[in-house]
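Take a look at the ligand and at what lies around it. Then turn to one glutamine elsewhere in the fold.

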Amino acid sequence: MTVNVLNDSTALAEAVAEKIAAFVKANPGALMCFAAGDTPQKVYLLLADKHKSGEIDLNTMWFVGLDEWVGLGNDDTGSCRQVMYSGFYDLAAIDHSRILAFDGLDENLDRQCQMIDKWITDKGGIALTALGIGMNAHVGFNEPGAVADSLAHVVALDDTTLNVGKKYFPSGNVPGKGITVGMAQLLAANELLLMASGECKAEIVKKALQGKITGAVPASLLRVAANLTVWLDSAAAAALVK
Ligand code: PGA
């Protein structure tokens, strides 16, 4: 595991965007899996700019959605699909045929999981994933109690996730279930990028990086991957023991 600490969230986004851009140049045809939280949004803006300026060609890549709230689709504000399409894929005009994301509206969620599992397998596995960390250390919707060998699955969301989720759903109606790419699929990636920004993440970052490796702290499971790089701003890194 390598930990990179940048001065602030802007420097963090620039560094991660550089890293992903270099990967895109070196690995055309590879599958990437990006998180839909607040932390990486600036990274996506920078990547879209790099794509539009011709520095990188995102249309040489494949994409898989990391997770989704069950019961939400394209048209729902706060859905991961909407965040990713409006904040990245459509901003960069990425061809929709290169993207597969969970449809949280499908009444057959097993079918959604099978579709995502097959897409990942068919593309040779996830080559790069860029993840945020939840206040309960979830990655995607791999919630506390996560296991390292999971594929795509539906999960009852943890209380912390439901609470934090209110920021996406001002009405207070936070969906109770999620659907997510599994830990095994993330752990198999050639490049795992874990990002955190802000002092509110400092304690959970410490727990994930320096505490026990346990499914109770899902992000800690990523430490078994040799190719994990952690990207923090100085506020998120503040509680780490040097
Ligand atoms: P955030 O979400 O980037 O909005 O803090 C992180 C997460 O829940 O994975």
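Ala, Val, Leu, Ile, Met, Phe, Trp, Tyr, Cys and Pro count as nonpolar; Asp, Glu, Lys and Arg count as charged; the others, Gly among them, count as polar. By these classes, the shell around the ligand has two nonpolar, five polar and three charged residues. Among them are Gly37, Thr39, Ile133, His138 and Tyr168. Being near means having a heavy atom within 4 Å.

This is a predicted model, where local features need pLDDT of at least 70, side-chain atom pairs count only at pLDDT 80 or more, and totals for chains, interfaces and linings use all residues. Residues are numbered from 1 along each chain as its sequence is written, and side-chain values use heavy atoms, with hydrogens and water left out.

Which residues place a polar atom 2.8 Å from an oxygen atom of the ligand? Asp38 does so with its backbone, and Lys167 with its side chain. The table adds Lys201.

| Residue | Polar atom | Distance to a ligand oxygen |
|---|---|---|
| Asp38 | backbone | 2.8 Å |
| Lys167 | side chain | 2.8 Å |
| Lys201 | side chain | 2.6 Å |

The protein covers 85% of the 280 Å² of accessible area that the ligand has on its own (Shrake-Rupley method, 1.4 Å probe).

Now the glutamine. Gln185 is found in helix α6, residues 183-187 (a helix is a DSSP run, H or I, of at least four residues). Is Gln185 buried or exposed? Gln185 is buried, with a relative accessible area of 8% (buried means under 20%, exposed over 50%, partly exposed in between, with a 1.4 Å probe and protein chains only). The side chain of Gln185 reaches the backbone nitrogen of Gly182 at 2.8 Å. A polar atom of that side chain also lies 3.2 Å from the backbone nitrogen of Ala152.

Definitions and conventions:
Polar contact = N/O pair within 3.5 Å; in protein donor to acceptor, adjacent residues only side chain to side chain. Helix = DSSP H or I, 4+ residues; strand = E, 2+ residues; numbered from the N terminus.
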